[in-house]
Every structure is written in structure tokens, then in C-alpha cells.
Amino acid sequence: MRFSRNYFRALVLSSILIQLSCGGGGIPPPPPPTPTPVIQVQLSTNSVTAFQDGTPVSVDVTIARPAGNSSDVTLTVASYPNGVTPEIDSPSSGDSGQVTFTAAPAAAAGTYTVGISASGGTSKGSAQLSLTVGIVATVGNSVDTSLGVNGKLDLFMSTSFQPASWSDDFFTRNPDATGPLGNLLPQHIRLQALERDIPQKTATNWDFTYLDGVVNPVMSVGDHSPEFQIARAPDFFYNSSGGFVDTSYQTFANYAANLVRYYNTANGILGASQCTTASNEPLCKSYAEGRVDYWGIYNEPNINNLSAQQYVNLYNVTVPAMRAVDPTIKFVAVELADGWDEPEQYLADVVPNLTAQVDVLATHFYSTCNQLDSDQQLFNAIDAFVPHITFAYSELHDSGLTDVPVWLTENNVNADYNKGGGISACNGTTFVTDQRGSSAYFAAWRPTLFSKFGKVGLRALYHWAFNADAQFGEVSQNNGATYLSYWVDYWMARMFPSPPGSDILELNTTESTTVEVLATRQADGTVIVMVANHAVRGATDNNGPGAARTVAIDLSALGGFSQASKLTLDATTDPVNGPSSTVITPASRIEVTLAGYGVTFLTLK
């Protein structure tokens, strides 16, 4: 075989390249760079807390120079937040220094990663420190008479039931549920009968079977004094447009009076003159389990086809008819759907024109009707609702009803529900259960609301509803298992018993935008301090974890305590067994740290 001259030229060139690549000659690779000598930096602690009252906090810094380096070492601090001032004591020729942090009230609470660097000669080194800016809540020894009811937190807790086909078998399937229900210490448990549980079927036919399947167990617990809300009339009372056929409302008044006869009189609806002792008809039966003392007149009339004037007419006709049967009963007016159709204007048109007896003015509050709203939007809605409570009181006062309390008889994070076919009742989109009704978010949201509403004089806070899903319930409608929301309400009722209520103590908090603090003192001298952390981690979080906060409770103005304990509800709380109280050492200053959404109660005796 013959080879061309070009073939041999290529063979020689290939051989040369192979030799170069194998170190067989040519240009040697550059030497590796000489490493910069490192100063070893060690901190006395990995985390410190600087409180917004300016109390300094220090971290010791120990350095180790590399061999041959005798230069002075200087410390610098980077990435510390605005409002925090670092004071640096560098090691210089020694091997130890110190950094002291002081936080001003303007420093934003939170946890930050701070870099501490050391440099000397050509050597450098660094370490990271977790710096928390803490909040300070100073509790005074005097009662703040500008808050609550003349300085008293007189706000009772309760819960609700909606007897209807989707829920009225709850106690049949879960007969032991009266135990956890009673343990909530609920007062005037609310009953809102709908659908098949509305007992009048025709003009002459009544059936209380389904309704009393809920009323009887409810009547057996708590204060044995429920509020029966006559949410709506029997279906045949309405026309095709949803309005009342009888616009004088006398038919509705008669229906309501008959409910009083059934629950509160000895001879049933028809009375002794029309019934034999052997009769078992509901119209003749006397209800033996107890009595209903509070009666709510209609549900959310402002979104249920009743103008303000129509509601006034209905109320003023119905209440006298009910009082004629039992003059001792009390009446809950309006039960407003707040957030829709100018609720303040509706109240302004209703309250001055109620001529019949009014014992309570009720309203409802949900933070949203849109599951897509962020955590922060739901917290913001709490502050937006506070003026609604004060407005309600102003309307009562101006109408001469100065002793009438305001109750919040429905409350939860989200009012939306599945109207059928998986469709949102509020938005017409696919319905999604809002888990914030029973997650750690609730453990921040509900106590924050309780405190802010109680401080402006709200007298009752009801959960909607006792037995429901994870969005609304305190226990599962399916099996009665408790949610985290149950334990939140359970402990608030115990920490702030009403009656008799507790004195609200003066409080100075360096930052209130992300935590809510409430300090009260009971008649026996017991002090309860509640810290609710509603700090949001991210602006778009929806059922997020929350951001950590540390709060120092300054109790020095109160003198000494012999006993102290702490109880926390947060993402780590067991929803089955609830939280456990921990004994702590009494001190004039006690720190509370919540890693995310949650609430801590301090009890000091």
C-alpha cells in the first residue's frame, strides 16, 4: 500500500500533540495560587436578641491568627438591620473582642443574619450571627379604663350549630361529643335551624324530630341557656322571589310565638284546652329538656331579602307576639351580615326604629369570602372591623339603648362554602376548603381578634361552627375529632372567664404591628398575659408558617409572683390532646418566643 506525503505530515503532527498532552515537553501548567491566610473567628454564641427598649446585648469574639501574622485585628459588622447600632471592641493585638448591639424602637422586629468579619494584615476571617430584634411589652399596675367595658374585659366565648340535613345527625353518631362541647364553657350556644330542621311543615303540621336531635344535647351542657336564632321561616311563607307572602309579618310572628310555646311552656303549641293528656302530637307536647332564654330574630336580613324598613316591621311585630307567650325571654336583634351591602347604613336605618324590646345587638364577621386572599389581608380585615363595633355601640347609645351589648354570633376566617357541585358560593369558581380555619394560622388570628374586639367592648365571641370541616369547625362533623381551633377557644375561655370578666391592665408595647399583647388581672390577683404572633413571613403567604417573634414581658410594676406557667398553641400542638402547660420561674421580665403563627399565655399568681 502506498502512502502520500500528506499522510506522513499528519502522523508526525499527531505524535507531537500527544507528547505535549502527556507532559512530554512544552509549556508547564501554572502553579496553584497561594491561599490567603485565614483568621479563625469564633463567637461566644450563635444567636442574640436585642430588644427595642435599647437594652444592649453582647457577643464575645475570639480570633486565632494564622502562623506568622502578628498584625492588629479589626472587627467589622455587616447586614445588621436599620435601627440597630453595633458597638465594636476589636481585638487589636490581642485575641479577643466584643460586639454589642443596641436596638431602637424603630428597629423592625424579626430575625436577621449578621456577618462579623475580622481582618489583619493580609489575613481575613468571618462568622455569622443570628440577631433577633425583640419586642418589649411593659405591663402597668393600673387598669386601663379606656378599654373594654370601663376597663374590664367582659367577653364570653361560645359556639354555634346549624341543624339541617347535613349536620343534624352529629350527636346520634357522636353521642360523646357533649363532653368536649361542655368543656368549651360555652354560654348561650347558638342554634340556627335550616331546611328540614325548620319544624313547621304546613299550616297544621309540625315535626321537631330532627331539630331536637341537636337541641336536646346542646341544652344539656354549658349554661343550659341557648340562643335559638329563628334564621328563616318555613318555605311556604315565601313567594317565588324570596319575599314574605304576608308582608304584615303577623304569620311569621305567630310562627315564632309557637316556637316559644313549644320550648318554654308546659302545654305545647296548642295548649291544654285543645290537647288530651294522652296526646303525643308535637303541637301538644311540652319540651322537657330545658328552656330557650335568648331568641335571635332572623339571620343576616341585609343579604336575605329584607330592607332595613322591612326588618324593623318584622321585628316590631314578632317580639311582642313572643313576649305574650313568655315575658321573661330576651331578644337578639339584627344578626347582621357585615361586609356586604353597606352594613353600617343598614344599622343606622334599623336601630333607631326598633320599638320592641332589644337585649342584644348581634353582628357577624369573617375576614374574607375569597380563599385566595393572603394571610396578611385576613389579619388586616380584623383592624378594619374594629370601627364597625364602635359604630354599633354609637347607634345603640344614640337610640337610648345604652345597656345593650354587642355580640359577634358568627365568626371565622372565611365565609365561603361549597354551594353544590364543588362551586364557591362567593366567587363561582372551584371551591377550596380554607385550612386556615383550623391550622396554626387560626392560633394567631382568633386570639388577635379576641383581644382587639374585646378592647372596644365586644361582649360575646361565637365560633362558626362547632361541628364542621377544617375551614369552619372546632370538631370534625364526621367523627367529632378536635381541631387545633377547638383548643384555641377552649383556652381563651379559661384564661379570660366572663362573667365576671377581668381588669385590662395598662400596657406599653414597643411594636404592635406583628404581635398582639393583652394583659389582664382577675379578682384574686392572678395576671394573664396573652401574646399572639401574627407576623407574616411573606406578603403572598396563604396559610403560611408565619415569622418568628420574641417578646419580653416586663412585669416589674406588678411586684413579685410566687407561681408562673406558660402555655403555647402553634403548629406543634397536638390537635387531639391539646397543649400542655409548663411551669416556669417567676421573674420581673419573662421572654416569650413563637417560631411562627401562634399564641402563648402566661399565668402568674
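Q: What makes the four strands β1, β3, β6 and β5 an open sheet, and in which order do they stand?
A: In this predicted model, the order is β1-β3-β6-β5, with antiparallel pairing. β1 (40-43) and β5 (84-89) stand at the edges with a single partner strand each, so one side of each has no neighbour in the sheet. From one strand to the next, the twist averages 25 degrees.

Q: How do you know that β1 and strand β3 pair?
A: Two strands count as paired if at least two bridges are found between them. β1 and β3 (residues 57-64) have four bridges, in the antiparallel sense. The pair therefore meets the criterion. Within it, glutamine 40 is opposite alanine 64 of β3.

Q: What makes the arrangement of the eight strands from β10 to β17 a barrel?
A: The eight strands close on themselves in the order β10-β11-β12-β13-β14-β15-β16-β17, and their pairing is parallel. The twist in this barrel averages 25 degrees between one strand and the next.

Q: How do you know that strand β14 and strand β15 pair?
A: The cut-off is at least two bridges. Strand β14 (residues 330-337) shares five bridges with strand β15 (residues 360-368), in the parallel sense. The cut-off is therefore met. Leucine 336 is placed opposite threonine 363 in β15.

Q: Which strands does helix α4 lie across, and at what angle does the helix run to β11?
A: Helix α4 (residues 209-219) lies across β10 (156-161), β11 (190-192) and β12 (227-230), and its angle to β11 is about 180 degrees. Angles are taken between N-to-C directions on a scale from 0 to 180 degrees, so a value of about 180 degrees means that α4 and β11 run in opposite directions.

Q: Which strands does helix α6 lie across?
A: Helix α6 (residues 308-325) lies across β12, β13 (294-297) and β14, and runs at about 155 degrees to β14.

Q: What is the volume of the largest pocket, and which residues are closest to its centre?
A: Its volume is about 1,300 Å³. The lining of this pocket comprises 36 residues, and those closest to the centre are Gln162, Gln192, Leu194, Tyr417 and Trp464. By class, the lining divides into 21 nonpolar, 11 polar and four charged residues.

Q: What is the volume of the second largest pocket, and how many residues line it?
A: The second largest pocket has a volume of about 220 Å³. Its lining consists of 14 residues, with Tyr393, Thr402, Asp403, Val404 and Arg459 nearest the centre. Seven of the lining residues are nonpolar, five polar and two charged.

Q: Where are the cis peptide bonds that involve alanine 465 and proline 499?
A: One joins tryptophan 464 to alanine 465, with omega about -5 degrees. Alanine 465 belongs to the loop between β17 (460-463) and β18 (467-468). Another runs from serine 498 to proline 499, with omega near -5 degrees. Proline 499 is in the loop between α10 (484-495) and β20 (502-509).

Q: What is the phi of asparagine 150?
A: Although asparagine 150 is not a glycine, its phi is positive, at about 55 degrees. The residue is in the loop between β8 (123-143) and β9 (152-153).

Q: Over which residues does pLDDT stay under 50?
A: This holds for residues 1-24, which have five contacts beyond four places in sequence. Where pLDDT is low, the predicted coordinates should not be read in detail. The protein as a whole averages a pLDDT of 93, and 92% of the residues score at least 70.

Conventions: Residues numbered from 1 in each chain as written. Predicted model: local features only at pLDDT ≥ 70, side-chain atom pairs only at ≥ 80, totals over all residues. Heavy atoms only, no water. Helix = DSSP H or I, 4+ residues; strand = E, 2+ residues; numbered from the N terminus. Contact = heavy atoms within 4.5 Å. 1 Å grid on protein atoms, 1.4 Å probe; cavity = no way out; pocket = protein on both sides within 12 Å on 5 of 7 lines; lining within 4 Å. Points joined across faces, edges and corners; volume = space filled by probe spheres on them. Nonpolar A, V, L, I, M, F, W, Y, C, P; charged D, E, K, R; others polar. pLDDT = per-residue confidence, 0-100.
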